[in-house]
Amino acid sequence: SGINAEYEAVVSTQSTGEFVQCLANPDYLNYLAQNNYFKEDEFVNYLKYLLYWKEPKYAPFLKYPQCLHILELLQESRFRDELVNVPCTKFIQNQQMEHWSHRIRKRNLIWNNTITITKKDEKDVKEEPKS
């Protein structure tokens, strides 16, 4: 019975984490809005409950941490109301793409600089005079 309860807790946490990460998908947000999920008090209360995922002991398990920012925004009724509009969700999607693009460029710049510095260091080692 103890093992069963433990297993159920793990599965529940995994399922909840997967749902929280789905909130990073603007098309899914639009679907939820168009199907009036954000109008239901129970669902809005559930979104409030899910804020525990921002705690340091849970957040590292998320692959898409931007979902936490969206979850925070979903606490505002005005934001939830706007998600029914496709241009709103497209704007969110474009902002995510810009963020990822910038992050990739930055990572590549750091990587290229690291390789350049490493090659320079190797060259300096080869050119050291021998006594």
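**Exercise 1. State where Thr 16 is placed in this predicted model, decide whether it is buried or exposed, and list its contacts beyond the sequence neighbourhood.**

Solution. In the predicted model, Thr 16 has its place in helix H1. The next step is the accessibility: Thr 16 has a relative accessibility of 10%, and because the cut-off for buried is under 20%, Thr 16 counts as buried. Finally, once neighbours within four places in sequence are set aside, Thr 16 is in contact with Tyr 46, Leu 50, Tyr 52 and Trp 53.

**Exercise 2. Classify the ring pair formed by Tyr 46 and Tyr 49, and describe the setting of both residues.**

Solution. The structure holds 12 aromatic pairs. For Tyr 46 and Tyr 49, the ring centres are 6.1 Å apart and the planes stand at 25 degrees, so the pair is stacked; the step rests on the rule that planes under 30 degrees apart count as stacked. Both residues lie in helix H3, 3 residues apart, which is about one turn of the helix. As for accessibility, Tyr 46 counts as partly exposed at 31%, whereas Tyr 49 counts as exposed at 51%. Ring pairs also join Tyr 46 and Tyr 49 into a cluster whose members include Phe 19, Phe 43, Tyr 52 and Trp 53.

**Exercise 3. Describe the largest nonpolar core, naming the residues that touch the most other members and the helices that supply it.**

Solution. The largest nonpolar core has 23 residues, and those touching the most other members are Leu 23, Phe 38, Leu 47, Leu 50, Leu 74 and Leu 83. Turning to the helices, H1 (2–22), H2 (26–34), H3 (41–49), H4 (66–73) and H6 each supply at least two residues of this core, and H4 gives the most, with 4 residues. Leu 23 may serve as a worked case: not counting residues up to four places away in sequence, Leu 23 touches Leu 29, Leu 32, Leu 47, Ile 70, Leu 71 and Leu 74.

**Exercise 4. Determine how many disulfides are present, and compare Cys 67 and Cys 88 by accessibility.**

Solution. The count comes to 0 disulfides. Cys 67 is in no disulfide, and the nearest cysteine sulfur, that of Cys 22, is 9.3 Å away, while the rule asks for sulfur atoms within 2.5 Å. Cys 67 counts as buried at 0% relative accessibility, and Cys 88 likewise counts as buried, at 18% relative accessibility.

**Exercise 5. Locate Phe 91, decide whether it is buried or exposed, and give its C-alpha separation from Pro 26.**

Solution. Phe 91 lies in helix H6, which covers residues 86–127. With a relative accessible area of 52%, Phe 91 is exposed, because the cut-off for exposed is over 50%. Although Phe 91 and Pro 26 are 65 residues apart along the chain, their C-alpha atoms are separated by 8.9 Å.

**Exercise 6. Summarise the protein chain as a whole, from secondary structure to contacts and surface.**

Solution. The secondary structure of the protein chain comes to 6 helices and 0 strands, and the pattern read along the sequence is α-α-α-α-α-α. Of its 131 residues, 24% count as buried. Among contacts with a separation of 6 or more, residues 24 or more positions apart account for 64%. The accessible surface comes to about 10,100 Å², with 55% of it belonging to carbon and sulfur atoms.

Notes
Residues numbered from 1 in each chain as written. Predicted model: local features only at pLDDT ≥ 70, side-chain atom pairs only at ≥ 80, totals over all residues. Heavy atoms only, no water. Buried < 20%, exposed > 50% of the residue type's maximum accessible area, 1.4 Å probe, protein only. Contact = heavy atoms within 4.5 Å. Areas by Shrake-Rupley, 256 points an atom, 1.4 Å probe, with all protein chains shown as cover. Core = buried A, V, L, I, M, F, W, Y, C linked by side-chain atoms within 4.5 Å. Phe/Tyr/Trp six-rings, centres within 6.5 Å; stacked < 30°, edge-to-face > 60°.
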